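Thank you all for making time this morning. I would like to walk through one model with you, moving from the overall fold to a few single residues, and I will try to say what each term stands for as I go.

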Amino acid sequence: MIARLLLSLVLAPAANAAVIASGDYGGGGLTLANGDILSGTYTNISSFTVPAGVTVVVAATASGANLAVYASTVSIAGVLNGSGRG
């Protein structure tokens with residue numbers, strides 16, 4: 001019972017989690033929040049940022065790249081979790 005509760009807490013998405021749309025960001029920045037979910041290709045980004053204390057998850061995809069980011073500057077001070085994603 002306790003193990004099931006702990007597993008539920010670990011796997012529960014963050015309250016402010018959002019699926020972040022892939023695509024062309026037109027030279028704008030992309031700063032992620034705790035629990036955000038990424039999948040696909042993100043292009044034309046000035047700065048891609050995962051701040052300290054933030055965990056971002058790479059979603060599984062049926063085909064193609066799970067995650068590709070094309071940015072002038074990439075800063076990952078938090079966690080970008082792609083565990084088991086290829």
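I will begin with how the values were obtained, and then take the strands, the core and the surface in turn.

This is a predicted model, in which local features need pLDDT of at least 70 and side-chain atom pairs count only at pLDDT 80 or more, while totals for chains, interfaces and linings use all residues. Residues are numbered from 1 along each chain as its sequence is written, and side-chain values use heavy atoms, with hydrogens and water left out.

Let me start with the overall layout. The protein has one helix and seven strands, where helices (H or I, at least four residues) and strands (E, at least two) are DSSP runs numbered from the N terminus. Along the sequence, these elements follow the pattern α-β-β-β-β-β-β-β. Of the 86 residues in the protein, 21% are buried; buried here means under 20% relative accessible area, exposed means over 50%, and partly exposed lies in between, with a 1.4 Å probe and protein chains only. About 5,300 Å² of the protein is exposed, and carbon and sulfur atoms supply 59% of that area, the accessible areas coming from the Shrake-Rupley method with a 1.4 Å probe, where for residues only the protein chains shown count as cover. Taking contact to mean heavy atoms within 4.5 Å, residues 24 or more positions apart account for 35% of the contacts with a separation of 6 or more.

Now to the strand pairing. Two strands are said to pair if DSSP finds at least two bridges between them. One open sheet of three strands has the order E3-E5-E7, with parallel pairing, and its edge strands are E3 and E7, each of which pairs on one side only. Strand E3, residues 37-38, is joined to E5 by two bridges, and here leucine 38 stands opposite valine 58. Three bridges join E5 to strand E7, residues 79-81; in E7, threonine 55 has valine 79 as its bridge partner, and valine 56 has leucine 80.

In a regular strand the side chains alternate between the two faces of the sheet. Which side chains of E5, residues 55-58, are buried? Val56 and Val58 point to one face and are buried, whereas Thr55 and Val57 point to the other and are not.

Strand E4 has several partners of its own. It pairs in the parallel sense with E1, residues 23-24, over two bridges, and glycine 23 has tyrosine 42 as its bridge partner in E4. Strand E2, residues 30-31, also runs parallel to E4 and is joined to it by two bridges, with leucine 30 opposite phenylalanine 48. Between E4 and E6 the pairing is parallel over eight bridges, and one of the partnerships is that of valine 50 with isoleucine 76 in E6.

That brings me to the core. A nonpolar core is a set of buried Ala, Val, Leu, Ile, Met, Phe, Trp, Tyr and Cys residues joined through side-chain atoms within 4.5 Å. The largest one has 10 residues, namely Ile20, Leu30, Leu32, Leu38, Tyr42, Ile45, Phe48, Val50, Val54 and Val56. Strand E4, residues 40-50, gives the largest share of this core, with four residues. Leaving aside neighbours within four places in sequence, leucine 32 is in contact with Ile20, Leu38, Phe48, Thr49, Val50, Pro51, Val54 and Val56.

Valine 50, in strand E4, counts as buried because its relative accessible area is 0%. Not counting residues up to four places away in sequence, valine 50 touches Leu32, Val56, Ser75, Ile76, Ala77, Gly78 and Val79. Threonine 49, also found in strand E4, is buried with a relative accessible area of 19%, and by that count threonine 49 touches Leu30, Thr31, Leu32 and Ser75.

One backbone detail in E4 deserves mention. Most residues other than glycine have a negative phi. Asparagine 44, placed in strand E4, has a positive phi near 55°, and asparagine 44 is partly exposed at 42% relative accessibility.

Finally, the surface. Isoleucine 76, in strand E6, residues 67-76, is partly exposed, with a relative accessible area of 41%.
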